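Colleague: I should like to learn how to read a structural model, one feature at a time. May we begin with the general idea and then turn to the case at hand?

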Amino acid sequence: MTAQTGAGRTNQKQRTRTAIVAAARQLTATGAEVTMPAIARAALVSEATAYRYFPDLPSLISEALAGVWAPPAEALAPVADSVDPVERVAFACEFLLRGILARQGSVRAMIAATVTRPETVTRRPGIRFGLIDHALLPLEDTLGATDPDAFAQLKRDLAVVVSAEALFTLTDLCGLGAEEAVISAVRTASTLTEAAVRSTA
């Protein structure tokens with residue numbers, strides 16, 4: 001095999017991989033259900049080919065979503081000047097949940113994969129934790145300094161509420177519409193934060 005032939009095959013493999021990731025990214029952006037067969041069809045490859053490049057759906061979705069979410073500081077830029085942790089947490093919660101709604105097909109696929117295969121949980125983007133940490137920066141020198149355990153507990157409490165799981169519980173099990181669900185979760189996150197702030201007063 002000549003060097004030119006080898007380079008051609010390498011380039012073809014790269015083009016195929018790029019096409020699969022692009023198809024996953026496009027499907028993710030629609031909010032529709034995301035599956036490996038659907039991605040393969042959109043990429044004009046067989047499902048077997050898609051699995052040759054990505055061992056499972058979470059790994060493919062993770063690559064497709066890489067760089068899609070803004071980093072925490074950029075996401076919270078509209079409240080960057082606020083020192084009110086309640087306002088910051090409310091904004092972070094709404095930002096995350098609206099982003100999840102826009103990509104819910106892929107988010108649901110990732111959750112389903114981690115339920116059936118817990119070892120894939122590390123491939124889920126940890127967006128919520130960065131947003132929560134950044135939103136709570138004003139409390140680092142108060143609650144974080146005086147009661148680190150309470151500060152850590154607040155972060156855990158918020159991780160339950162500022163999440164796809166909470167959003168889907170509200171829509172799927174409680175029967176709320178998307179807008180109502182976002183409002184409900186934001187209210188809960190704000191209440192938790194406000195209670196923590198009062199404890200430091």
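Modeller: Let us start with a term: two residues are in contact when heavy atoms of theirs lie within 4.5 Å. Please keep in mind throughout that this is a predicted model.

Colleague: What share of the contacts in the chain with a separation of 6 or more comes from residues 24 or more positions apart?

Modeller: Such residues account for 68% of those contacts.

Colleague: How many helices and strands does the chain have?

Modeller: There are 12 helices and 0 strands. The C-alpha trace spans about 75 × 40 × 30 Å along its principal axes.

Colleague: How should I read the word "buried", and what part of the chain does it cover?

Modeller: A residue is buried when its relative accessible area is under 20%. Of the 201 residues in the chain, 40% count as buried. Helix α2, residues 36-43, offers an example: M36, A38, I39, A40 and A43 are buried there.

Colleague: Is there a general idea that helps in reading positions along a helix?

Modeller: An α-helix has 3.6 residues a turn, so residues three or four places apart point the same way. With that in mind, you may look again at the buried M36, I39, A40 and A43, which are among those listed for α2.

Colleague: What is found at the start of α2 and just after it?

Modeller: At the start, a side-chain oxygen of T35 comes to within 3.1 Å of the backbone nitrogen of A38. Just after the helix, L44 adopts a positive phi of about 65°.

Colleague: How does one describe the way in which two helices meet?

Modeller: One considers the approach of their axes, the angle and the handedness. The axes of α8 (residues 127-135) and α10 (residues 148-161) come within 10 Å and cross at roughly 135°. The two helices are therefore oblique to each other. In handedness, α8 passes α10 in a right-handed crossing.

Colleague: Which residues make the contact between α8 and α10?

Modeller: From α8 they are R128, F129, I132 and D133, and from α10 they are K155, L158 and A159. Sorted by class, this contact has 4 nonpolar, no polar and 3 charged residues.

Colleague: Is V161 of α10 buried or exposed?

Modeller: V161 counts as buried, because its relative accessibility is 11% and the cut-off is 20%. Apart from neighbours within four places in sequence, V161 is in contact with A166, A185, T188, A189 and L192. The C-alpha atoms of V161 and V186 are 8.2 Å apart in space, although 25 residues separate the two in sequence.

Colleague: What surrounds T193 in helix α12?

Modeller: T193 lies in α12, which covers residues 178-200. Its relative accessible area is 0%, so T193 is buried. Residues up to four places away in sequence aside, T193 touches P85, V86, V89, L136, L154 and L158. L158 has already appeared on the α10 side of the contact with α8. The side chain of T193 also reaches the backbone oxygen of A189 at 2.8 Å.

Colleague: Which residues does S184 touch, beyond those up to four places away in sequence?

Modeller: S184, also placed in α12, touches L170 and L176. At 18% relative accessibility, S184 counts as buried. The C-alpha atoms of S184 and F91 are separated by 13 Å, with the two positions 93 residues apart along the chain as the separation.

Terms used:
Residues numbered from 1 in each chain as written. Predicted model: local features only at pLDDT ≥ 70, side-chain atom pairs only at ≥ 80, totals over all residues. Heavy atoms only, no water. Buried < 20%, exposed > 50% of the residue type's maximum accessible area, 1.4 Å probe, protein only. Helix = DSSP H or I, 4+ residues; strand = E, 2+ residues; numbered from the N terminus. Polar contact = N/O pair within 3.5 Å; in protein donor to acceptor, adjacent residues only side chain to side chain. Axes fitted to C-alpha atoms, helices over the stretch in contact; angles between N-to-C directions. Parallel < 35°, antiparallel > 145°, perpendicular 65-115°, else oblique. Left-handed = near helix turned anticlockwise from the far one by under 90°. Nonpolar A, V, L, I, M, F, W, Y, C, P; charged D, E, K, R; others polar.
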